[in-house]
Amino acid sequence: MAEVFNWHLGRKMTYAFDEAHPQRQFVAVFNINRCIGCQTCTGACKATWTFSKGQEYMWWNNVESKPYGGYPQHWDIKILQLLEAAHQAAGRSAEWDPSKAGPTAPYGVYDGLTISEAAGAEEQALGYLPPDAEWRAPNFYEDTSTAYPGDRLGISLEGASLPEHQTWFFYLQRICNHCTYPACAAACPRHAIYKRPEDGIVLIDQARCRGYRKCVEQCPYKKPMYRGTTRTSEKCVACYPRVEASDPLSEGVPMETRCMAVCPGKIRLNGLVDVTADGAWVEAPDHPLYTLVRQEQVALPLYPQFGTEPNIYYIPPRWAPRAYLRQMFGPGVDQAIARYAAPSRRLLAVLQLFRTTQRMIFRYEVEEGPLVLETEVGGLPWQMYDDTAIGFDAQGREVARLSVIEPIYERPAERVNSI
Ligand code: SF4
Ligand code: SF4
């Protein structure tokens, strides 16, 4: 196995292939706090890519209710249990050391085993093949909250800003993470899975795939799915014609994917970030994704301890117990929620840009506006300004302009009854 640097873990780790990085990486941020669980994203993906015979149980995008939901059923609990057993067998613990945080290790250093480091002799990554019954529905336990008083899972409620009912759940939106170190690609004995050098999108070559399902077994997020009619595996393709600007709607510039573009909750922001030869993000303080992930660090990777360096990031929910969230998003959770609850002027401006355009935003500017609110958040003073966020597409054209205070437009008297 080769040694590669994983900045989510703040250290080198073993991986099947030598370190190599795309020039740009497909990245998205999902704001869990805004999701209304409407499944419009799920339907849009299905209507675009998986509407054919043999794809009935295939949901490249799914939104599951945590802590009980999952597609396939219990996918994360099962892989976490396997990883815990591997730690016990090795006499190790899966600890993070946040005191070692720095520019190349924003969340500190993970001292535990990743799925590739915990792999058995016959596999590239720790994994399991879910039985058919666990794929039979896309949203097991939808809208199911924890039982009153909310602590029967043994999860401490510390840090949860719950209302009077001590119960909780939240929606977790899931697509393929187009990982920097994809376990699916490492697992494939046919080398049918590849990461594109131009945008880091991970694809399965349908002509090479023989349906061995090693990717289904070893992707910790369970995002490759088997299709019985073709006897191949398929997965999210990141709507690559839109990313490539070859979609007829794109007018020559990269667009966000279908699941991002349709979201009524305005929770998703998707783009391309420039990557250096050693895998670091090129410093770009005017890129909205750089601001969210690297500068403000309000958006965090899902289960970074798996070690695939996933490229979908989440703003964690404010109301769920912190111990649960730390297991899911790593040690950056407390800081991320604190910064999201009392956002800086730049962060508040960037949060306006979600779902303002189908074009990918490559740069933003902030026009400063007047002070509109002075209050306290978490016992500390906080001011809100009516700043304006302006987004620009790949050709530098303005494609979005949103102020923090939403303007009110009054319908003229002669059109009072018109729709
Ligand atoms: S989420 Fe799974 S399928 Fe997607 S790139 Fe990562 S390992 Fe591969
Ligand atoms: S479309 Fe948006 S708000 Fe609706 S479930 Fe999907 S991510 Fe959540």
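**Close-up views of a predicted model**

**View 1. Asp143 lies in the loop between strand 6 (109-110) and strand 7.** Helices (H or I, at least four residues) and strands (E, at least two) are DSSP runs numbered from the N terminus. Residues are numbered from 1 along each chain as its sequence is written, while chains are lettered from A and ligands numbered from 1 in the order in which they are written. This is a predicted model, in which local features need pLDDT of at least 70 and side-chain atom pairs count only at pLDDT 80 or more, whereas totals for chains, interfaces and linings use all residues. Asp143 has a positive phi of about 55° although it is not a glycine, and with 10 other C-beta atoms within 10 Å it is exposed (12 or fewer such atoms; buried means 20 or more, and partly exposed in between, with C-beta atoms placed from the backbone).

**View 2. His178 sits in the loop between strand 7 and helix 3 (183-187).** The phi of His178, which is not a glycine, is positive too, at about 40°, but His178 is buried, with 27 other C-beta atoms within 10 Å. Most residues other than glycine have a negative phi, and most peptide bonds are trans.

**View 3. Two cis peptide bonds precede prolines, Pro67 and Pro72.** The bond from Lys66 to Pro67 has omega near 20°, and the one joining Tyr71 and Pro72 has omega of about -5°. Pro67 is found in the loop between strand 4 (62-66) and helix 2 (75-90), as is Pro72.

**View 4. Each of the two ligands shown here is surrounded by 14 residues** (near means a C-beta atom, placed from the backbone, within 6 Å). Those that come nearest to ligand 2 are Cys35, Cys38, Cys41, Cys263 and Gly265, and helix 1 (40-49) and strand 7 (170-174) are the elements that give two or more residues to its shell. Around ligand 1, the nearest are Cys176, Cys179, Pro182, Cys184 and Cys219. The shell of ligand 2 has nine nonpolar, five polar and no charged residues, and that of ligand 1 has nine nonpolar, three polar and two charged (nonpolar: Ala, Val, Leu, Ile, Met, Phe, Trp, Tyr, Cys and Pro; charged: Asp, Glu, Lys and Arg; polar: the others, Gly among them).

**View 5. Four strands form an open sheet in the order 12-3-14-13, with mixed pairing** (strands pair if DSSP finds at least two bridges between them). Strand 12 (268-274) and strand 13 (300-301) stand at the edges, each with a single partner strand, so one side of each has no neighbour in the sheet. Strand 14 (residues 312-315) runs parallel to strand 3 (residues 24-31), to which four bridges join it, and pairs with strand 13 in the antiparallel sense over two bridges. In strand 14, Tyr313 is the bridge partner of Val29 and also of Pro301, while Tyr314 is that of Leu300. Ile312 and Tyr314 point one way from strand 14, Tyr313 and Ile315 the other way, and all are buried.

**View 6. Helix 8 (322-329) carries the buried residues Tyr324, Leu325, Met328 and Phe329.** Seen down the axis of helix 8, these buried residues fall within an arc of 105°, so they line one face of the helix (the arc is that of the directions from the helix axis to the C-beta atoms). They pack against strand 13, strand 14 and helix 9 (333-341). Gly330, with a positive phi near 85°, follows helix 8.

Terms used: Two residues are in contact if their C-beta atoms, placed from the backbone, lie within 7 Å.
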